[in-house]
Amino acid sequence: MQRRTLLALGALTLAPLTSATAQEVTFDHLQTVDLAGDAEIVAYDAGSKRLFVTDATFDALNVFQTGSTPGALLLPLAPIALGGNPNSVAVSDGLVAVAVEGATAQDLGFVEFYNANGSPSGSPVQVGALPDMVTFTPD
């Protein structure tokens, strides 16, 4: 059985909130991308205009360049091969951090770092078992 994942891109619009009206939320579907693997966690880098999507099926980080052409708003780029199953991704000022689990659930995991262009940025850092979330703090 072949399993495929769809990544949908949409635009969320919030109407101004006034004291007399409730806030209205609308969502417009813009594009769907058919992926061979799984798409779970997504992070966006505004500087490079790239979207980073974890793919646990292929132990990879899928990368998309955002565009402005209708029907081609997400242009797939070469995926980044990871050292294991990705559990989380975060981006800050062009630096991409990916939480990757170890070989087994009890093994220590690590965080891999990449530049927004997909090239490695430093060495992986070992962390606890099954790292489930990675994030950047303001400091």
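## A hairpin to start with

Let's begin at the hairpin of S4 and S5: four residues sit between the two strands, and Asp59 takes a positive phi near 45 degrees. Keep in mind that this is a predicted model. Strand S4 covers residues 50-55 and strand S5 covers residues 60-69; the two run antiparallel and are joined by six bridges. To see one of the facing pairs, find Phe52, which stands opposite Val63 in S5.

S5 has another partner as well. Strand S7, made of residues 80-81, pairs with S5 in the antiparallel sense over two bridges. Here Leu61 has Ile80 in S7 as its bridge partner.

## Ala60, at the start of S5

Now look at Ala60, which is found in strand S5. Is Ala60 buried or exposed? Its relative accessibility is 8%, so Ala60 counts as buried; the cut-off for buried is under 20%.

What does Ala60 touch, once you leave aside its neighbours within four places in sequence? The list is Val53, Thr54, Asp55, Pro79, Ile80, Leu82 and Pro86. Ile80 belongs to strand S7 (residues 80-81), while Val53, Thr54 and Asp55 fall within strand S4 (residues 50-55). You can also check a distance here: the C-alpha atoms of Ala60 and Asp38 are separated by 9.8 Å, with the two residues 22 residues apart along the chain.

## Zooming out to the whole chain

How many helices and strands does the chain have? There are zero helices and 11 strands. Reading along the sequence, you get β-β-β-β-β-β-β-β-β-β-β.

The chain has 139 residues, and buried residues make up 35% of them. As for contacts with a separation of 6 or more, 37% of them are between residues 24 or more positions apart.

## The four-stranded sheet

Next, find the open sheet of four strands, whose order is S8-S9-S10-S11 with antiparallel pairing. Which strands are at the edges? They are strand S8 (86-92) and strand S11 (125-129), each of which pairs on one side only. On average, neighbouring strands of this sheet are turned by 25 degrees against each other, direction ignored.

S10 and S11 pair over three bridges, again in the antiparallel sense. For a pair to look at, try Val111, which stands opposite Val125 in S11. One handy bit of background: in a regular strand, side chains alternate between the two faces of the sheet.

## Glu112, a buried charge

Stay in strand S10 (residues 108-115), because that is where Glu112 lies. Glu112 is buried yet has no salt bridge. Which side chain of opposite charge is nearest to Glu112? That is Arg50, and Arg50 is 15 Å away. A salt bridge has to be within 4 Å, so Arg50 at 15 Å does not qualify.

What does the side chain of Glu112 make a polar contact with? The partner is the side chain of Tyr114, at 2.4 Å. Leaving aside neighbours within four places in sequence, Glu112 is in contact with Ala81, Leu82, Gly83, Val96, Ala97, Val98, Val100 and Pro124.

## Tyr44 and Lys49

Over in strand S3 (residues 42-45) you'll find Tyr44. Tyr44 has a relative accessible area of 43%, so it is partly exposed. Not counting residues up to four places away in sequence, Tyr44 touches Lys49, Arg50, Leu51, Thr66 and Val91. The C-alpha atoms of Tyr44 and Val89 are separated by 9.6 Å, although these residues are 45 residues apart along the chain.

One of the residues that Tyr44 touches, Lys49, deserves its own look. Lys49 is found in the loop between S3 and S4, and it has a positive phi of about 55 degrees although it is not a glycine. With a relative accessible area of 47%, Lys49 is partly exposed.

## Leu130, after the last strand

Finally, go to the segment after S11, where Leu130 is found. Leu130 has a positive phi of about 45 degrees, although Leu130 is not a glycine. Is Leu130 buried, exposed or partly exposed? Its relative accessible area is 39%, so Leu130 is partly exposed.

Key
Residues are numbered from 1 along each chain as its sequence is written. This is a predicted model: local features need pLDDT of at least 70, side-chain atom pairs count only at pLDDT 80 or more; totals for chains, interfaces and linings use all residues. Side-chain values use heavy atoms; hydrogens and water are left out. Buried means under 20% relative accessible area, exposed over 50%, partly exposed in between (1.4 Å probe, protein chains only). Lys and Arg count as positive and Asp and Glu as negative; His and the chain ends are not counted. A polar contact is a pair of N or O atoms within 3.5 Å; within protein, one must be able to donate a hydrogen and the other to accept it, and residues adjacent in sequence count only if both atoms are side-chain atoms. Contact means heavy atoms within 4.5 Å. Two strands pair if DSSP finds at least two bridges between them. Axes are lines fitted to C-alpha atoms, for helices over the stretch in contact, and angles run from 0 to 180 degrees between N-to-C directions.
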